[in-house]
Amino acid sequence: MNEQIVARHWLALIAPKAAPALATATVLILARIWNANGAEHSVGNAVLMTALSLAAAAAGACASVGRAGDPVIAGTAFAASGGLALAGVAGYADGMSLPLLLWVLATAIAYGLAARYWRQDRRTRVSYERHVSERREEHAHIERVETIRGTTQIEVARTGAAYAEQLAAALITRAALPGFDPAALETAGLPQLPATERKSA
């Protein structure tokens with residue numbers, strides 16, 4: 001069985017690993033742009049971002065403890081809450097030290113959470129590849145057995161046909177010999193040849 005070889009681009013391999021850092025860096029950059037456009041020391045903007053962050057955290061808590069317990073919605077809500085908190089602090093603060101510290105912490109937390117899902121994804125992929133490999137080996141074994149069986153049947157049929165041809169040629173040759181007595185065959189209890197029947201008739 002031939003497998004199709006698919007070479008993935010290096011960007012496709014790096015993108016999932018770089019996504020948490022890109023997300024937190026994008027939030028930090030947009031928050032600093034917002035800071036430069038008047039959000040610095042703006043109490044109204046800080047209250048708004050705090051309220052949005054708390055609302056997102058509450059939505060994540062409801063999604064995680066609800067009867068459905070959807071982890072994807074809960075994770076998205078908590079990520080939005082953290083992003084809003086980071087954006088609020090980075091937009092309100094006047095220096096870069098606190099926003100950078102929060103960016104490093106948010107990036108580390110994001111990678112910590114993502115590593116769990118990457119491990120689970122890797123386990124699932126390895127399990128799937130192992131299952132596919134076992135099925136492929138099983139099918140290859142069945143294919144080899146069936147090939148051997150078919151080849152054996154063809155060889156048996158070919159040998160039988162060759163034996164029948166040789167037997168027919170021998171009987172015809174023997175019937176053509178001088179002094180051949182078909183009555184001796186009947187006396188010995190051997191079957192009579194159809195050609196012999198036609199000759200005697």
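This report describes the largest pocket and the salt bridges of a predicted model.

## Basis of the model

Residues are numbered from 1 along each chain as its sequence is written, and side-chain values use heavy atoms, with hydrogens and water left out. Since the model is predicted, local features need pLDDT of at least 70 and side-chain atom pairs count only at pLDDT 80 or more, whereas totals for chains, interfaces and linings use all residues.

## The largest pocket

The largest pocket holds about 760 Å³ of space, where a pocket is an open set of points on a 1 Å grid over the protein atoms alone at which a 1.4 Å probe fits, with protein on both sides within 12 Å along at least five of seven lines. Its volume is the space filled by probe spheres set on the points, which are joined across faces, edges and corners. Of the 26 residues in the lining (those with an atom within 4 Å of a point), G75, F78, A79, A110 and L113 are the closest to the pocket centre.

Helix 1 (10–39), helix 3 (71–92) and helix 4 (97–176) each contribute at least two residues to this lining, helices being DSSP runs of H or I with at least four residues, numbered from the N terminus. By class the lining comprises 20 nonpolar, five polar and one charged residues, where Ala, Val, Leu, Ile, Met, Phe, Trp, Tyr, Cys and Pro count as nonpolar, Asp, Glu, Lys and Arg as charged, and the others, Gly among them, as polar.

## Salt bridges in helix 4

The count comes to three salt bridges, each defined as a side-chain nitrogen of Lys or Arg within 4 Å of a carboxyl oxygen of Asp or Glu. One of them joins D121 to R125, with the closest N and O atoms 3.6 Å apart; both residues lie in helix 4, four residues apart, which is about one turn of the helix. D121 is partly exposed at 47% relative accessibility, and R125 is likewise partly exposed at 41%, a class that lies between buried (under 20% relative accessible area) and exposed (over 50%), with a 1.4 Å probe and protein chains only.

E146 pairs with R149, their closest N and O atoms being 2.8 Å apart, and these two residues of helix 4 are three residues apart, about one turn of the helix. E146 is partly exposed with a relative accessible area of 40%, as is R149 at 44%. E155 forms a salt bridge with R158 at 3.1 Å between the closest N and O atoms; E155 and R158 are three residues apart in helix 4 and so are separated by about one helical turn, and E155 is partly exposed at 38% relative accessibility.
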